[in-house]
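Grab a coffee and work through a few exercises with the model open beside you. Try each task on your own before reading its solution.

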Amino acid sequence: MIFRTQQTAILIVYSLLLALGLGLGSAYWVLNGDPPFGGRKFGPWSTWPKLGSAEADPYMRAIVARRGDVPLAIGEGLTLVAEADDSGRGLDGACSYRVGSVMPPARLWTLTLYDRTGALRPSALERSGFASSEIIRRPDDGFEIVVSKDLSAGNWLQIPAMEAFTMVLRLYDTPGAAGANLDAEDLPTIERITCGT
């Protein structure tokens, strides 16, 4: 009888520890990724339109709080994130990319490079992004930004010393702030040009 009671107690403790481990592990996994619900994908770009709204779900709020982010509210604009190029290959610091040549209507936009942890890492030129007011445009109002470690003529954004990176595009004061009006064709492409070692 005592042996059976000990077995039951051990089984209960094991079940509680397993449930606690699974609960804490899954919460840690969810909080270190992107929000699991409410995302939209446009080619290589992803966005969570409700991230800065009162309608954000508890997962979104917890992820924002853990990261310490201040997301754009729906009326302010829209944030889009790309971790891969148009072919689905992860963005690699050893490669060169061409970004362009269209952009959705917005009063202002910025394109910024972050490492995969979300940290801003300025390049050797002390620059980590471009704003729409700095872009050299073609006569048809199109543009191209070369994202590379190597110097390039025109709109060049130097990749800081990191293996993998993320591009973050912020559209400020745009009519498609909720992401409802956007299609993949409205957003810039991310084309891998070359890839060194």
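Below are five exercises, each followed by a worked solution.

This is a predicted model, so local features need pLDDT of at least 70 and side-chain atom pairs count only at pLDDT 80 or more, while totals for chains, interfaces and linings use all residues. Residues are numbered from 1 along each chain as its sequence is written, and side-chain values use heavy atoms, with hydrogens and water left out.

**Exercise 1. Get your bearings**

Work out how many helices and strands the protein chain has, and in which pattern they follow each other.

Solution. Start with the count: two helices and ten strands, taking helices (H or I, at least four residues) and strands (E, at least two) as DSSP runs numbered from the N terminus. Next, read along the sequence, and the pattern is α-β-β-α-β-β-β-β-β-β-β-β. Then check the burial: 36% of the 197 residues are buried, where buried means under 20% relative accessible area, exposed over 50%, and partly exposed in between (1.4 Å probe, protein chains only).

**Exercise 2. Find the disulfide**

Which cysteines form the disulfide, and which parts of the chain does the pair tie together?

Solution. First, look for cysteine sulfur atoms within 2.5 Å, the cut-off for a disulfide. C95 and C195 fit, with their sulfur atoms 1.8 Å apart. Now place them: C95 is in strand β4 (residues 95-101) and C195 in strand β10 (residues 189-195), so parts 100 residues apart in sequence get tied together. Finally, compare the covers: C95 is buried at 1% relative accessibility, whereas C195 is partly exposed at 39%. The structure holds one disulfide.

**Exercise 3. Follow the salt bridges**

Find the salt-bridge partner of R192, then that of R98.

Solution. The rule is a side-chain nitrogen of Lys or Arg within 4 Å of a carboxyl oxygen of Asp or Glu, and it gives eight salt bridges. Step one: R192 meets D85 at 3.8 Å, N to O. R192 sits in strand β10 and D85 in the loop between β3 (77-82) and β4, so this pair joins parts 107 residues apart in sequence. D85 is buried at 2% relative accessibility, while R192 is partly exposed at 23%. Widen the view a bit, and D85, R89 and R192 turn out to be linked in a network of salt bridges. Step two: R98 pairs with E191, the closest N and O atoms being 3.2 Å apart. That pair links strand β4 (R98) with strand β10 (E191), 93 residues apart.

**Exercise 4. Trace the neighbours of β7**

Which strands pair with β7, and is each pairing parallel or antiparallel?

Solution. Strands pair if DSSP finds at least two bridges between them. On one side, β4 and β7 run antiparallel, joined by five bridges; here Y97 stands opposite V147. Then there's strand β8 (residues 155-158), which pairs with β7 in the parallel sense over four bridges, with S148 opposite Q158. As for cover, five of the six residues in β7 (residues 143-148) are buried.

**Exercise 5. Check a loop serine**

Is S128 buried or exposed, and what is S128 in contact with?

Solution. Locate S128 in the loop between β5 (108-115) and β6 (129-131). Its relative accessible area is 15%, so S128 counts as buried. Now list contacts (heavy atoms within 4.5 Å). Leaving aside neighbours within four places in sequence, S128 touches L111, T112, L113, L120, R121, P122 and L157.
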